[in-house]
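Here is a short briefing on a two-part topic: one chain's overall build, then one helix pairing. The structure comes first.

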Amino acid sequence: MRLGQGAPAARILAFGGYQPAQVVTNDDLAARLDTNDEWIQSRVGIKERRVAGPQESEIDLAVQAGGKALAASGLSSDDIDLVIVATCTIEAPIPNAAGRVAHRLGITAPGAYDLNAACAGFCYALAAASDAVRSGSATNVLVVGSEKLSQWVDSEDRSTVVIFADGAGAAVVGPSDRPGIGPVAWGSAGDKAEAIQIKDRRSFLYQEGQTVFRWATTALHPVAKLACERAGVDPADLAAFVPHQANLRIVEAIARKLGADNAIVARDIVLAGNTSAASIPLALSRMIERGEVQSGGLALLLGFGAGLTYASQVIEIP
Amino acid sequence: MALTEQEILAGLGKIINEITGIPADEVTAEKSFVDDLDIDSLSMVEIAVAAQDEFGVEIPDDQLKHLKTVKDVINFIQA
């Protein structure tokens with residue numbers, strides 16, 4: 001037996017993002033629920049979010065974002081030999097999303113699996129993709145975070161419906177001579193599993209807001225710092241900090257404690273809501289589109305959510 | 001050595017000012033966080049975490065919801 005021949009390193013070739021067309025503003029929600037724009041903006045920082053209709057599934061969202069990332073990468077569907085879809089909101093678990101997404105994008109016979117690390121899913125999948133390229137298990141990997149949270153949220157529950165939304169983001173990962181994806185710092189806190197949960201198949205998403213807020217604002221900046229340390233990057237040298245878009249106050253609290261003084265901090269939640277595994281690649285793809293970050297700059301990603309799970313790594317912006 | 005009420009109040013005033021921008025001298029013992037200071041539940045969590053760092057006393061979420069006034073927090077820290 002012998003080992004596969006991997007690449008010296010992996011990098012991200014391109015990002016892609018997609019949001020469904022239907023915009024839901026805070027005023028739309030206030031018209032039917034006991035809430036208001038001022039309350040929502042002050043508590044979670046969201047102005048509007050997007051929701052997919054009954055005709056658009058999490059697979060459709062993933063295909064849109066994956067197709068954009070693939071096109072921007074300059075590769076063709078034939079070049080991809082592994083597809084990982086990070087999602088925790090798939091309508092039914094069989095068959096998986098990855099095989100269907102690959103087929104729709106014309107990617108023939110790739111390794112294809114779904115990965116559930118909830119809102120940390122994209123960072124987990126990115127680490128898995130990087131490792132696959134370096135070990136030789138894959139040459140080029142399509143990584144997608146896609147979520148249709150609207151189908152798991154009670155539309156009458158003002159504590160969750162204002163926060164969670166639908167969307168997808170994707171990245172193409174390929175071989176490189178120098179590191180473009182840093183070592184992952186990851187972990188989990190299963191003792192707090194009940195803080196964010198869907199109790200059974202007939203239930204909706206529930207979260208203990210204060211517990212999650214306390215955990216996120218105290219336990220995660222050390223993880224982000226560890227990811228920088230493992231990559232040998234000073235937080236002051238980061239061009240961008242792209243944490244999971246859970247809540248603007250969590251984003252700002254972590255950014256404050258991280259000390260990434262020169263980094264643009266992603267605030268995509270304002271117009272996208274919390275899209276779980278999709279939020280990081282969606283935010284970063286839009287920052288690249290708007291020209292807020294430059295190719296070659298370093299970005300720190302930090303995913304965290306149900307599980308509780310968390311993962312962070314430094315990447316070079318494509 | 002246990003801190004006095006005045007010392008804890010001064011520390012809380014500073015913490016609340018840093019987190020919410022409310023002037024520290026407006027933070028007095030009889031004030032209600034919600035009704036008088038307009039502090040929401042998430043800011044209360046941030047205040048509890050900062051108070052833990054400052055005074056070494058953990059205020060869990062299930063206790064935090066019972067602490068309505070500044071004096072309640074002072075008593076909790078002193079207890």
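Chain A has 318 residues and a radius of gyration of 18 Å, which agrees with the value near 20 Å for a compact globule of that length. The radius is taken over C-alpha atoms, and the globule rule is 2.2 Å times the number of residues to the power 0.38. This is a predicted model: local features need pLDDT of at least 70, side-chain atom pairs count only at pLDDT 80 or more, and totals for chains, interfaces and linings use all residues. Residues are numbered from 1 along each chain as its sequence is written, while chains are lettered from A and ligands numbered from 1 in the order in which they are written.

**Chain A overall**
- Along the principal axes, its C-alpha atoms fill a box of roughly 60 × 45 × 40 Å.
- Chain A holds 11 helices and 14 strands (DSSP runs, numbered from the N terminus: H or I of at least four residues, E of at least two).
- Of its 318 residues, 56% count as buried (20 or more other C-beta atoms within 10 Å of the residue's own, all placed from the backbone).

**Helix 7 of chain A against helix 2 of chain B**
- Helix 7 (residues 209-219) of chain A packs on helix 2 (residues 41-55) of chain B at about 45°, axes 10 Å apart.
- That angle makes the pair oblique (neither under 35, over 145, nor 65 to 115 degrees).
- Chain A contributes Gln210(A), Phe213(A), Arg214(A), Thr217(A) and Thr218(A) to the contact (C-beta atoms, placed from the backbone, within 7 Å).
- Chain B contributes Ser41(B), Leu42(B), Val45(B), Glu46(B) and Val49(B).

Notes
Axes are lines fitted to C-alpha atoms, for helices over the stretch in contact, and angles run from 0 to 180 degrees between N-to-C directions. Two residues are in contact if their C-beta atoms, placed from the backbone, lie within 7 Å. A residue is buried if 20 or more other C-beta atoms lie within 10 Å of its own, exposed if 12 or fewer, and partly exposed in between; C-beta atoms are placed from the backbone.
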